[in-house]
Amino acid sequence: MKSALRLLAVAVTISGLALVAYTLATQLDRVDWTSPVFWVFAACVLVGELMPIKIPRQKEVIWVTVSGMFAFSLIITFGIAGALVALVPASIIDDFISKKPLWRWGFNAGVYTLAAGAAGGLLSALSELPRQSDPTHFAGSDLIVILLGGLVFFAVNWCLAGIAVAFLKDVPVFTTLRSNLGLDMATDGILLSLSPLVVAAADRSLFLIPLLALPMLAAYQAARVAQRNLGLANELREQADENRHLALHDPLTDLPNRSLFHDRVGSAIAMAGRNNHGVSVVLMDLDRFKEINDALGHHNGDSLLKEVSRRLVSVVRASDTVARLGGDEFAVLVPAIAGPESVTRVVEELLRAFERPFELEELVLNVEASMGLAIYPQHGLDSGTLIRHADVAMYASKHSRAGYEVYQSTRDEHTRDRLALVEGLRKAVVNGEFALHYQPKVDVATGRVVGVEALLRWYHNGNFVPPSLFIPLAEHTGLIGLMTMWVIETVARQSRTWDDSGLSLNIAVNLSMRNLFDRGLPRQIGEAIAQRGMAPERLELEITESGIAADPIRAEAVLADLSAMGIVLSIDDFGTGHSSLSRLKRLPVDELKIDQSFVTNMVQDKSNAAIVRSIIELGHNLDLRVVGEGVETLGALAQLRAFGCDIAQGYYLGRPLATAGFLAWLESYSWEAKTLEGDRSYAALRPIMGPEVA
Ligand code: C2E
Ligand code: MG
Ligand code: MG
């Protein structure tokens, strides 16, 4: 207990005790123990003390008791002693029942004693009250004195209790006193002023006293209803608070969400504008999160996101805001930056959060993030622009792999286009903007068309978007999975149609390296072609050499499954990646496609010709079929044939065409015409370029 409070309690208790002793010694004879009025009043004091009316206010409950009113009635009728013999025991009994600490017993009883003493003293000094004869025949002056006495009774109570509360809560005394004055006056003060009425009524007939119980009961009832309503209101308020919280926070990490982040950036800009400092916004996105999520499952993805959010929060300052904007995108707001050095400080701290590997359930992962930074006012004057520009910078950092980039306006146009493209790509399937073109693959020895390669075409808003642009985009945004399945399904349907019309062609589909992270892919492909009646042997899947090299172990597992299903596997763009030959030997592949960069100009470039020749030899030694793609000239075709290449593909033979175009091409296709075209005949080239091939 605080020393000031202890001092006050001791002082009040001792002076109360002294006053009780003095009063009982000198004035006890004034109490008429035989008077029923005394006992009724004393009983009411006790009941009032034990059953206070609890009036709820916003955060606290105000206790109002009628014991003061009856105690004051006792003072008016029997003097201080009469009041004290009722009030002091009632106060102690109540404190005992409600298990208050011992010092409160003394303090509470002391306060009552001093209040009663002061009021009673005033009454006897200024009037003849209490009067034995005709006690309730109040003169006008009596009433004024009674009101004054009531005021004193109230004031002593209010003062001492207020001071104690102030000491207890450690707030200024004056503040507590003032804050309670209005309410205390309206309750205790008004009750006290009823005392003369109580006395008069009791003097008339004691049976009138129970009538007083009615308004008391009403007050109790009102207080109870108020309490219930307040409880309800609090509940509603809590519910509303929670709803507000949910609407503004990300449920997984409990970080602010995009909308709250927007608001905070807006407020920070408003403040910064007034105080002449900068605001910095950092957007980041985890590299390869989509793959992690797909490969390791959502619960691992979720725990990674939670851990990232914990780390980010731990490296920034309390005044900074870390938010999750969705998916694997996080954002940090630094509301007040002084200069460039504080910007780099933030980014370096954020990068530090990714230094240690992340420990998930049973595996440890290294995760990196790409960050983009935009600063108010240089890079934008409102939250929308600033966040968008941080996003642009983030894309740039993904590209540069520099960890982070600061926004540069010159990059913007390009990136804004990219964002629009991503949106378009998301809807491409639904909008029917995809199409497949088929390019023939021709057996070099016989000229027979053995198959086609299906190449995806995207006509976005009527414009052709090259695969070299949208495929990396699809890989980045995780749309590649859906896209690949669309291609497989379309191809399966096409294959069925061709088969039914007596055209037997293998169809090759390109897989992205990201597809290989999806362990469920083989099953999905199996189901898709089975449903549409395509035999697995008809389907070829092309995976680039670099795609396999990116994660050989995982790629091997998926390839093994696909191969076991009877699907033909091919390594695309061979010669540009870094495959290890020992791995190549192990992989369940059937075909090598020599990268077109070697084939296209092999006639002019002897070293390319040498590479092509070696790859063909290597492939054959490993029992693989070899395809030369990018055949643009008869010369290249002749040379491939001379080197013993199995299959050729390229513009010279046939360009990729939509189904109808391809069928027309097939109709008019003539191997003789192809091989006899040009100045130098196909046959004529043979002796010059290489050994005779049957
Ligand atoms: P790719 O699998 O190596 O496909 C061959 C690319 O070379 C095609 O380009 C084709 O049109 C082009 N080409 C064919 N013959 C010649 C020729 O004689 N000369 C030249 N200069 N080029 C020729 P395209 O259609 O632009 O596709 C580019 C790449 O995009 C493909 O390379 C493939 O990796 C990827 N791609 C295309 N469609 C899909 C798809 O459905 N899924 C995935 N994951 N990737 C695809
Ligand atoms: Mg290909
Ligand atoms: Mg290729």
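**Exercise 1.** Work out which protein atoms are the donors of the magnesium ion (ligand 2), and how they are spaced along the chain.

*Solution.* Start with the atoms: E453 (OE), N510 (OD1), E542 (OE) and D572 (OD) are the protein donors, lying 2.0 to 2.2 Å from the ion. Donors here are N, O and S atoms within 2.8 Å of the metal (3.2 Å for Na, K and Ca); water is not among the atoms, so sites may look incomplete. Next, the spacing reads E-x56-N-x31-E-x29-D. Then look at D572, which bridges ligand 2 and a second magnesium ion (ligand 3), the two ions lying 4.1 Å apart.

A note on the model: it is predicted, so local features need pLDDT of at least 70 and side-chain atom pairs 80 or more, while totals for chains, interfaces and linings use all residues. Residues are numbered from 1 along each chain as written, chains are lettered from A and ligands numbered from 1 in written order, and side-chain values use heavy atoms, leaving out hydrogens and water.

**Exercise 2.** Decide whether N510 and E542 are buried, partly exposed or exposed.

*Solution.* Take the cut-offs: buried is under 20% relative accessible area, exposed over 50%, partly exposed in between (1.4 Å probe, protein chains only). N510 is partly exposed because its relative accessibility is 30%. E542 sits at 1%, so it counts as buried.

**Exercise 3.** Find the polar side-chain contacts of N510 and Q596 with ligand 1.

*Solution.* A polar contact is a pair of N or O atoms within 3.5 Å. N510 puts a polar side-chain atom 2.7 Å from a ligand 1 oxygen, and Q596 also has one at 2.7 Å from an oxygen of ligand 1.

How values were computed:
A polar contact is a pair of N or O atoms within 3.5 Å; within protein, one must be able to donate a hydrogen and the other to accept it, and residues adjacent in sequence count only if both atoms are side-chain atoms.
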